[in-house]
Amino acid sequence: MLIFDKLTYDTGGFALSADFSVQTGDRVAIIGPSGAGKSTLLDLIAGFRAPTTGHILWNGTDITAHAPGARPVALLFQDNNLFPHLTLRQNLSLALRPDGRHLTADQRRALIDALAQVGLAGYEDRKPGTLSGGQQSRAGLARALLQDRPCLLLDEPFSALGPAMRAEMQDLVIDLATRVAATALLVTHDPAEAERFATKAIVVADGVASPPENIKTLMQNPPKALTDYLGSK
Ligand SMILES: Nc1ncnc2c1ncn2[C@@H]1O[C@H](COP(=O)(O)OP(=O)(O)OP(=O)(O)O)[C@@H](O)[C@H]1O
């Protein structure tokens, strides 16, 4: 379970609070207006930003002071952060061995398997620039899988993809997250994507990240902050 224990983040110009838990294995959409703090919430979980007060706990362990690499999270962002001058094998190797040392035989097998799981078998020696946008997204997902962390953080990872590719990637992430029983948090501006991906939603608005709610109930009866943002309904 992921717990935000009376968490606050305050830069002076921007403030956000969160005080709730996310159940293990839940797929949760993070929705709300632009600039409300959705990415900031992910950054706090990943350890890229430090809370002003409060704590973040994972399965009972306080991880608030843990370095990003020591946290139970894998990240998938829109730009995938693949190094353009490295092959997929080299890019993915860095997920397993950030020190750049050689992989073990088991790690090499896991790398090949991760690429196969996302439909990129045989692409080990390709560089990102020789792949389509969808294939790059899948390579980023393979890297996240390889990290084998129980909490997947997704920050608008599909927003640059066309509708068909986006749906394919959503289904792939749902399938993989379900298989490894990962807790997955997805920042998205697309209500349809949120409903397709997630069973629950965290609304971030007016300086508060609200506890996860059933997404269908929420969309049927959205709070004012959400109706303003969604425009219709
Ligand atoms: N590097 C930064 N320096 C200063 N302020 C920042 C920085 N990054 C974000 N902010 C501010 O922090 C607030 C929250 O930003 P954040 O990116 O978390 O919002 P968001 O809900 O993810 O927005 P969007 O949907 O537009 O991506 C915003 O007011 C933004 O202007």
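**View 1. Burial across the predicted chain.** In this predicted model, buried residues account for 36% of the 233 residues in the chain. Among the contacts with a separation of 6 or more, 65% join residues that are 24 or more positions apart in the sequence.

**View 2. The largest nonpolar core.** The largest nonpolar core of the chain is made up of 61 residues, and those with the most contacts inside this core are Ala29, Ile30, Ala142, Leu152 and Ala201. Helix 4, which spans residues 133-147, supplies the largest share of this core, with six residues. As a general tendency, nonpolar side chains in soluble globular proteins are buried together.

**View 3. The surroundings of alanine 29.** Once the neighbours within four places in sequence are set aside, alanine 29 is in contact with Leu186, Thr188, Ala194, Phe197, Ala198, Ala201 and Ile215. One of these partners, Ala201, is itself listed with Ala29 among the residues that have the most contacts inside the largest nonpolar core.

**View 4. Overall dimensions and secondary structure.** Eight helices and 11 strands are found in the chain, whose C-alpha atoms fill a box of roughly 50 × 40 × 30 Å along the principal axes. The radius of gyration of the chain is 18 Å, which agrees with the value near 17 Å that a compact globule of 233 residues would have.

**View 5. The annotated span.** An unreviewed UniProt entry carries the annotation "domain: ABC transporter" for residues 2-231. Within the model, this span is 36% helix and 24% strand, and the C-alpha atoms at its two ends lie 31 Å apart.

Terms used. Residues numbered from 1 in each chain as written. Predicted model: local features only at pLDDT ≥ 70, side-chain atom pairs only at ≥ 80, totals over all residues. UniProt positions renumbered as here; feature names shortened; annotations may be inferred. Helix = DSSP H or I, 4+ residues; strand = E, 2+ residues; numbered from the N terminus. Rg over C-alpha atoms; globule rule 2.2 N^0.38 Å. Buried ≥ 20, exposed ≤ 12 C-beta atoms within 10 Å, placed from the backbone. Contact = placed C-beta atoms within 7 Å. Core = buried A, V, L, I, M, F, W, Y, C linked by C-beta atoms within 7 Å.
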